[in-house]
2 protein chains.
Amino acid sequence: MTPTQRNPEERPVAALLAPDIQSLLEESPADVAAETEEMHAADLADVAELLPEEQVLEFLAALPSARAADVLEYLDEELRAELLEKMSTRQAAELVTQMTPDDRADTLEEIDEERAEEILSEIPAEQRRETEQLLSFAPDTAGGLMTTEFVSVPASMTVEQALEGVRAAARGGRREAMYAVYVTDDAGRLVGVLSLRELLAAPPGSRMSDQAWTEVVTVGPHADREEVARVTSNYDLVAVPVVSESGHIMGVITVDDVIDVIQQEQTEDVQKLGGMEALDEPYPTISFGRMIRKRAGWLSALFLGEMLTATAMGYFQREIDQATVLALFVPLIISSGGNSGSQATSLIIRSLALRELQLSDWWRVALRELPSGLALGGILGVIGFMRILTWSALGLNDYKGHPNLVAITVGLSLVGVVTFGSLAGSMLPFLLKRVGFDPASASAPFVATLVDVTGLIIYFTIALIILRGTLL
Amino acid sequence: MTPTQRNPEERPVAALLAPDIQSLLEESPADVAAETEEMHAADLADVAELLPEEQVLEFLAALPSARAADVLEYLDEELRAELLEKMSTRQAAELVTQMTPDDRADTLEEIDEERAEEILSEIPAEQRRETEQLLSFAPDTAGGLMTTEFVSVPASMTVEQALEGVRAAARGGRREAMYAVYVTDDAGRLVGVLSLRELLAAPPGSRMSDQAWTEVVTVGPHADREEVARVTSNYDLVAVPVVSESGHIMGVITVDDVIDVIQQEQTEDVQKLGGMEALDEPYPTISFGRMIRKRAGWLSALFLGEMLTATAMGYFQREIDQATVLALFVPLIISSGGNSGSQATSLIIRSLALRELQLSDWWRVALRELPSGLALGGILGVIGFMRILTWSALGLNDYKGHPNLVAITVGLSLVGVVTFGSLAGSMLPFLLKRVGFDPASASAPFVATLVDVTGLIIYFTIALIILRGTLL
């Protein structure tokens, strides 16, 4: 799991405890373990983040190694990497060995490769093999998310024997959460699952083959992490088994890691929707240079696209020269198209992400956005029309003597531009998905840029028709 | 839980099975229960959604009532409400009684109030009381999310006795998932927790008071659902106990409901970011009128704000009349400000939501966005400057004889507008949060509207300074 960075104000417990633990570390470090025994590792990690840097290592050393490993797992990624650099290879190996297999692999993946090799070479052979296997999967696949600690029993076992197996595993120092027992056939293939609750409720003498659910929801090791999240959420699971093509269970993904995936995906989507590359790092800690690079790419691309507006405006320069009053409404009209497009695109992106909509639904959406755009454009058109007539009546602007014609031009343009914005904004995510891009890249700025040029063409074309012979 | 609506293409299992089940229903309905026994209720719900409407009731009637209740929980909200309208009150009451308490309350909350009262009056007194208690909490609070089924034991019990209690509860037909045992003192107050795994690993003769963790992470019944999600995710929990002010455990929130909360919150955020009210219903099923209302409010508000651009442009009408070439770059310049503002606002909204940033960090962000804006504005400024000189060199536009001055004006304006956009976009979420609004309302369109007027003022002011005596 990747813990979320939190600020001191957000950690009242930790802020209260940090000074106590600090003085305890100075006066009697031997008592630290007992004093903090009942606290959640996440809170201890918060305390560690508030300690002076040189004391964090002392703090970890004062805890039993399994406990220190837990705290390390909850620490901010950067601090964790730094600590693993600073401590002795032996100490690092000891802590890393105590981690759950998935967190161990994630932790080693974060740090400097050479240092990771050093640490890996010092951990026991079994854990090393396990870790190397996990490291061979891409981090955003089921294989990269899973842990290799789980309990499986043969289908021929009785419930009582299975329960003994669970007890032995739970006592044997396995540290991953345990919610279910997986049942395998003679060839070791996964054939069933039983939750701990169901196992406890089952008649002790019955066979696992009779008690287990045989329709097991599983994912393959190369399944995308979004697919894992979807399966977990659709079936209300707390753990998803990862199964090889041959039907053998390779590991289990626990729900806490799925929640992290959902939140990371959401962060990426929000940032893409804002018209930039996903940062992949928290805003407060990413370096200035990396942040600028993530933002400058899209910003420049949008700018190049938006340059077409200058070309379009240049094309109508004669009309602007003749009736500069038209220029007044350019920002109002194109921004309305962008806003309606932004609404449509965020609706569709989210519906696609939730699988409420499929690629093949594009025409149904188009048939819905067409009247939506007309209705919304009609509302704005009426407001715009009234605004111009009111200003004219109040004597604030005479619109070169043709307030009615200008009002009609602006009103009709709004209907056209908002309708086009709604259609373009709703179709862009489908188009991006169709050609293999992430629909979330159909950001509000991207849609606005698309709509701006077309909006100008719609506006000036309507103006040419309505104002010909008067202003133009 | 509120199941996500899925389309037939997304349900290969269900699509394959639906015809089989349909013919089975017609030929030998008595076999339906046995044939579907091993299937996940979520899959059966998918099958039900693919059946002809008149057959869904037959399908539910063919299943054991506990199973039918599960299927009902996974059905699309609208279909579920419709079925509960159509079936007899007795059948509805039987199914609803079989639901877990939290889902029972959620289901009754969704349907017509009168019908809910009818059904409620037919369910057993104990379940009715339980449901009425749950219905008294707002649905977006911890009380509204919790279930009242959980296992608690006195601290004085031995591990063996507690395990027997768990077995009895698991066998006693309680249907909610069970992950932990809660430990209470003589006055019934929550004093500890032990996961099922830990309970199984503990020495049978030891006391629960010696085995349980005494620092329990809890929430109050009125805690906001976002707070529940944050606690669950920070501490990697699968269940969060809800505890009254007096320290008594009132219920438990399970992680599947937390995942639903996280996804609903994300849907709301994405829709708000798109510049509209959250729909609160799936896009494919919301009525046209409701959708238009949710979109028209913000769209009109933004339009009224954007009208200030016409006022600002009117203020500079003399300059536009004199140098219509200036009008060409209006869309390019103001959209660049909007785009940089959109990037900044989505970064900050997400960081605030993840608690990476606090309200008090606003000045740190401002100090970061100022140089970011200058850097990004510098990049766009150089591109814009080069573009104008290139067009002039190619003879595409003579910029009224002053290409260099126009290029300098546009370049400097871009630096100013993008810097202002980044600052305004990053500060708006803080401001909204400070005055008690949702920071996610600082949508890309909202920021763009704010930035557009200022952008025009920056542009024309710079033009007045640089072009005075030449074009102006």
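This is a short selection-by-selection tour of a predicted two-chain model.

Before you start clicking, note that residues count from 1 along each chain as its sequence is written, while chains are lettered from A and ligands numbered from 1 in the order in which they are written. Because the model is predicted, local features need pLDDT of at least 70 and side-chain atom pairs count only at pLDDT 80 or more, whereas totals for chains, interfaces and linings use all residues.

**Stop 1: both chains**

Colour by chain and superpose chain A on chain B: a rotation of 180° with 0.0 Å of shift along its axis does it, at an RMSD of 0.1 Å. The fit is by least squares on C-alpha atoms of residues with pLDDT of at least 70 in both copies. The two copies are thus related as by a two-fold rotation axis.

**Stop 2: the interface**

Select the residues of chain A in contact with chain B (C-beta atoms, placed from the backbone, within 7 Å). You should get 106 residues of chain A against 106 residues of chain B. Which helix gives the largest share of chain A's side? That is H20(A), with 17 residues. By class, chain A's side has 54 nonpolar, 33 polar and 19 charged residues. Here Ala, Val, Leu, Ile, Met, Phe, Trp, Tyr, Cys and Pro count as nonpolar, Asp, Glu, Lys and Arg as charged, and the others, Gly among them, as polar. The copies meet through the same surface, because 100% of the interface residues of chain A are also interface residues in chain B.

**Stop 3: helix H20**

Now pick residues 330–353 of chain A, helix H20. Helices here are DSSP runs (H or I, at least four residues), numbered from the N terminus. How far apart should the ends of these 24 residues be? At 1.5 Å a residue (times one less than the number of residues), the expected span is 34 Å, and the end C-alpha atoms are indeed 34 Å apart. H20(A) is largely enclosed by the rest of the structure, since 24 of its 24 residues are buried. Buried means 20 or more other C-beta atoms within 10 Å of a residue's own, exposed means 12 or fewer, and partly exposed is in between, with C-beta atoms placed from the backbone.

Step just past H20(A) to Arg355(A), which takes a positive phi of about 60°. Hop over to Arg355(B), in the loop between H20 and helix H21 (362–393) of chain B: its phi is positive too, near 60°, and this residue is partly exposed, with 16 other C-beta atoms within 10 Å.

**Stop 4: the cores**

A nonpolar core is a set of buried Ala, Val, Leu, Ile, Met, Phe, Trp, Tyr and Cys residues joined through C-beta atoms within 7 Å. The largest has 134 residues, and Ile333(A), Val447(A), Ile333(B) and Val447(B) touch the most other members. Zoom in on Val447(B): the residues it touches include Gly338(B), Thr345(B), Leu428(B) and Ala442(B). A second, separate core of 94 residues includes Ala169(A), Ala201(A), Val242(A) and Leu145(B).

**Stop 5: single residues in chain A**

- Glu26(A) sits in helix H1 (residues 12–27) and is exposed, with 10 other C-beta atoms within 10 Å.
- Arg368(A) is in helix H21 (residues 362–393) and counts as buried, with 20 C-beta neighbours inside 10 Å; its C-alpha is 9.1 Å from that of Leu423(A), 55 residues apart along the chain.
- Lys400(A), in the loop between H21 and helix H22 (403–434), has a positive phi of about 50° although it is not a glycine.

Note on methods: Helices (H or I, at least four residues) and strands (E, at least two) are DSSP runs, numbered from the N terminus. Lists of a residue's contacts leave out its neighbours within four places in sequence.
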